[in-house]
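Work through the exercises below with the sequence and the model open. Each task is followed by a solution in steps.

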Amino acid sequence: MSRRVRGLLRKEFLQVLRDPSSIAIAFLMPAFLLLLFGYGVSMDASNVPLAVVVEQPGAEAESFASVFQHSRYFAPQRYIDRASARRALDAGLVDGIVLLPADFAARVKGDASAPIQLIVNGVNANSARLLEGYVEGAWRNWLERELGARAMPLNQPVMLQPRIWFNPGLRSRNYLVPGLVAINMTLVGALLTALVMAREWERGTLEAMMVTPVSMREVLIGKVLPYFVLGMGGMALSVAMALWLFQVPFRGSFWVLTLCAALFLLVALGMGLLISVTTRNQFVAGMVAIIATFLPAFLLSGMLFDIGSMPVVVQWVTHLVAARYFVAILQTLFLAGDVWGVIVPNALALILMALFFIGLARRRMHKHLE
Amino acid sequence: MWQRILALITKEFLNLFKDRKSRFVTIVPPLIQLLVFGYAASFDLDHVPYAVYDRDHGQAGRALQAAFSGSPTFDLRYVIQRQDQIAPLIDNREVLLVLQLEPGFSEKLTIGEPAEVQVLVDGRNSNTAQIAVNYAGSVLNAFNGQWIARHQQQAPPTRLVSRAWFNPNLESRWFFIPGLVGLLTLVVTMVVTSLSVAREREQGTFDQLLVTPLRPFEILIGKATPGFVVGLVEGSLVILVARFWFGVPLVGDLAVLYLGLVLFLFAAIGIGLAISSLAVTLQQALLGGFLFMVPAVILSGFATPIENMPPLVQMITLLDPLRYFLVVLRGVFLEGAPFSILVHQLWPLAIIAAVTLSAAGWLFRHRMY
């Protein structure tokens with residue numbers, strides 16, 4: 001390494017050490033965000049408030065209503081009639097109503113099957129669907145028991161036997177935490193470099209650099225390397241927290257993880273650098289960084305929403321989001337293992353993006369004034 | 001006094017819109033993002049790729065397969081012949097689930113014994129997996145119903161009839177798009193406010209502002225106005241797109257919606273300006289902006305319900321203005337919730353706004369270097 005590059009690196013490291021915000025971005029922010037999300041974000045519902053209305057008390061009705069008392073999924077509350085339960089649903093006190101109509105007992109005894117009404121608040125469609133599933137499960141168990149007691153077979157021709165691979169307990173933290181690591185690193189990468197070149201332009205120090213013998217390639221190395229080291233440190237911290245604090249299983253190999261993380265970090269740093277070089281203005285660079293990093297990585301990376309279910313045009317757009325490739329790699333490495341069919345294409349995409357961003361940033365950094 | 005403030009407001013708008021790049025950044029990307037995100041943000045699955053492994057080869061088994069391939073949610077990609085073909089398909093994400101019929105399935109079904117069908121699901125995203133299993137369950141329920149009717153078997157003594165209020169087809173897009181109104185408004189407001197004071201501090205022009213006759217309160221109005229105007233205009237545009245482009249019903253009172261929007265903007269502006277005036281450099285302001293914005297979004301209940309969070313984190317969410325605004329948005333859009341119910345969301349927003357705006361005004365003078 002030439003003496004000039006060493007000098008630049010030394011200057012850049014000093015700048016990092018003297019403004020604590022870079023260190024905070026690399027270590028404090030990932031740790032803080034991961035702690036908050038790891039504990040805060042979960043799709044697994046329990047103790048869902050549910051109104052239970054029995055219009056006419058009877059043995060069957062009571063036995064069904066009691067099912068909800070003993071399940072960890074529900075926090076049942078008894079209401080005396082439809083109207084009061086409905087008011088509770090409107091006010092958001094309960095998420096659903098289970099209603100046993102007045103003629104329930106008569107119809108159970110008779111030939112026709114007696115309807116049990118379930119009304120869910122559909123505003124949060126996902127939670128509503130899960131609630132429907134839970135209630136249906138509870139109803140099925142109850143039916144089986146009732147019929148067993150009367151020595152009648154449960155007439156259900158085909159039964160579904162789901163087997164969930166990689167995450168049999170359906171623990172949502174297992175896929176959310178690797179996704180959050182990717183989002184974290186997107187922010188860290190962009191934040192670290194988005195302002196560095198713009199700052200030098202604004203303060204005029206880049207002009208000063210132009211009269212020295214350093215080449216732009218050397219300036220680029222000097223800008224990327226220190227933040228790369230910082231970013232990898234933040235990455236290691238995030239992975240360690242995922243493994244030991246949140247107990248996410250890891251089934252891949254660490255060298256693949258390190259390699260892919262390095263690639264992704266290069267993309268993220270390259271993007272920040274390109275923003276910086278293109279805007280040459282810290283204020284605008286900051287605005288672009290806020291808009292272009294967080295929400296796209298959060299919504300379009302496949303960390304939360306299934307990419308395959310998006311309209312085709314939006315699926316194309318997701319290919320521009322680097323986090324998409326990294327999320328696929330992380331979820332696979334953590335939960336499934338070294339599946340080359342997933343890792344190789346996604347890693348290739350990351351290499352292409354890194355070359356593109358850093359190459360473009362390099363082209364836009366010339367050693368002359370406009 | 002008003003003349004002074006007006007001059008400051010003019011200057012702030014010029015700062016924001018004079019530069020071509022910054023004008024572009026404030027206006028165009030949020031609108032494009034709304035369209036893209038509006039289509040992306042949905043938990044509903046579509047064209048779920050699946051494979052069939054039929055070890056039964058019977059008539060009834062084929063009827064069940066037809067029920068799946070005829071359903072618009074499922075998309076048959078492969079017919080598997082050997083056991084060892086299953087793992088690579090799931091591992092490489094070629095299919096989300098594999099439907100497996102054991103030998104003797106049709107026979108059991110015909111003689112009236114319970115027959116089992118196995119569904120192997122890629123659980124890497126456990127939420128998607130759970131939804132796919134639910135979909136498979138409803139295809140199966142329909143199949144069972146038809147089978148019972150056709151073979152004149154005894155139906156079970158009770159049945160569960162479920163209905164969803166406010167969103168009868170349980171379209172999760174209806175849930176997310178009103179949420180996006182909140183997210184994008186927040187991002188735009190943060191873009192405009194969180195860097196504004198920090199830039200002046202870094203360039204030294206803020207000290208000049210402080211020695212003018214302008215009082216901190218007047219500087220606050222000047223600094224807050226661009227964020228408010230931009231936020232209000234873009235928020236309104238987003239509401240229009242949500243209603244007319246995505247067709248999300250807007251059944252409630254617009255006045256309540258706008259009261260919520262205005263209070264939310266005040267709160268977000270207050271936080272943005274407070275961050276900005278705490279920061280010494282733009283880098284610190286940007287960091288502060290992210291440190292507020294990202295948790296504010298994740299803990300707002302936008303994607304994952306607040307009720308699922310541990311009690312301590314639930315308490316933290318009480319400080320998050322977005323949390324209240326999302327309830328107002330969804331309440332007004334989908335439920336037609338009246339002021340009397342939503343007032344419980346509006347007063348915390350008002351308090352957050354009052355506290356953060358006064359903090360920002362106080363910091364203008366008391367944080368000097």
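**Exercise 1. Find how strand β1 and β2 of chain B pair, and over how many bridges.**

Step 1. Locate strand β1 of chain B at residues 48–54; helices (H or I, at least four residues) and strands (E, at least two) are DSSP runs, numbered from the N terminus.
Step 2. β1(B) and β2(B) run parallel and are joined by 6 bridges; two strands count as paired if DSSP finds at least two bridges between them.
Step 3. As an example, P49(B) has D75(B) in β2(B) as its bridge partner.

The model is predicted: local features need pLDDT of at least 70 and side-chain atom pairs pLDDT 80 or more, while totals for chains, interfaces and linings use all residues. Residues are numbered from 1 along each chain as its sequence is written, chains are lettered from A and ligands numbered from 1 in the order in which they are written, and side-chain values use heavy atoms, with hydrogens and water left out.

**Exercise 2. Give the strand order of the open sheet, then state what packs on it.**

Step 1. The order of the 5 strands is β5(A)-β4(B)-β3(B)-β1(B)-β2(B), with mixed pairing.
Step 2. At the edges, pairing on one side only, are β5 of chain A and β2 (74–80) of chain B.
Step 3. From one strand to the next the twist averages 25°.
Step 4. Helix α3 of chain B (residues 59–69) packs on this sheet, and its direction makes about 175° with that of β1(B). Axes are lines fitted to C-alpha atoms, for helices over the stretch in contact, and angles run from 0 to 180 degrees between N-to-C directions.
Step 5. α6(B) also packs on the sheet, touching β5 of chain A and β2, β3 and β4 of chain B. The direction of α6(B) makes about 170° with that of β5(A).

**Exercise 3. Show where the sheet joins chain A to chain B.**

Step 1. Strand β5 of chain A (residues 158–165) and strand β4 of chain B (residues 115–122) run parallel, joined by 8 bridges.
Step 2. Q161(A) has Q118(B) as its bridge partner in β4(B).

**Exercise 4. Describe the interface of chain B and chain A: how many residues are in contact?**

Step 1. Contact (heavy atoms within 4.5 Å) involves 117 residues of chain B and 117 residues of chain A.
Step 2. The two chains bury about 10,500 Å² between them, 67% of it on carbon and sulfur atoms. Buried area is the accessible area (1.4 Å probe) that two parts lose on being put together, summed over both.
Step 3. In chain B, R124(B), W165(B) and Q283(B) lose the most area to chain A, together 8% of what that side buries.
Step 4. Between the chains there are 2 salt bridges, a salt bridge being a side-chain nitrogen of Lys or Arg within 4 Å of a carboxyl oxygen of Asp or Glu. E202(B) forms a salt bridge with R203(A), with the closest N and O atoms 3.5 Å apart.
Step 5. Helix α6 of chain B (residues 126–150) gives the largest share of the side of chain B that touches chain A, 17 residues.
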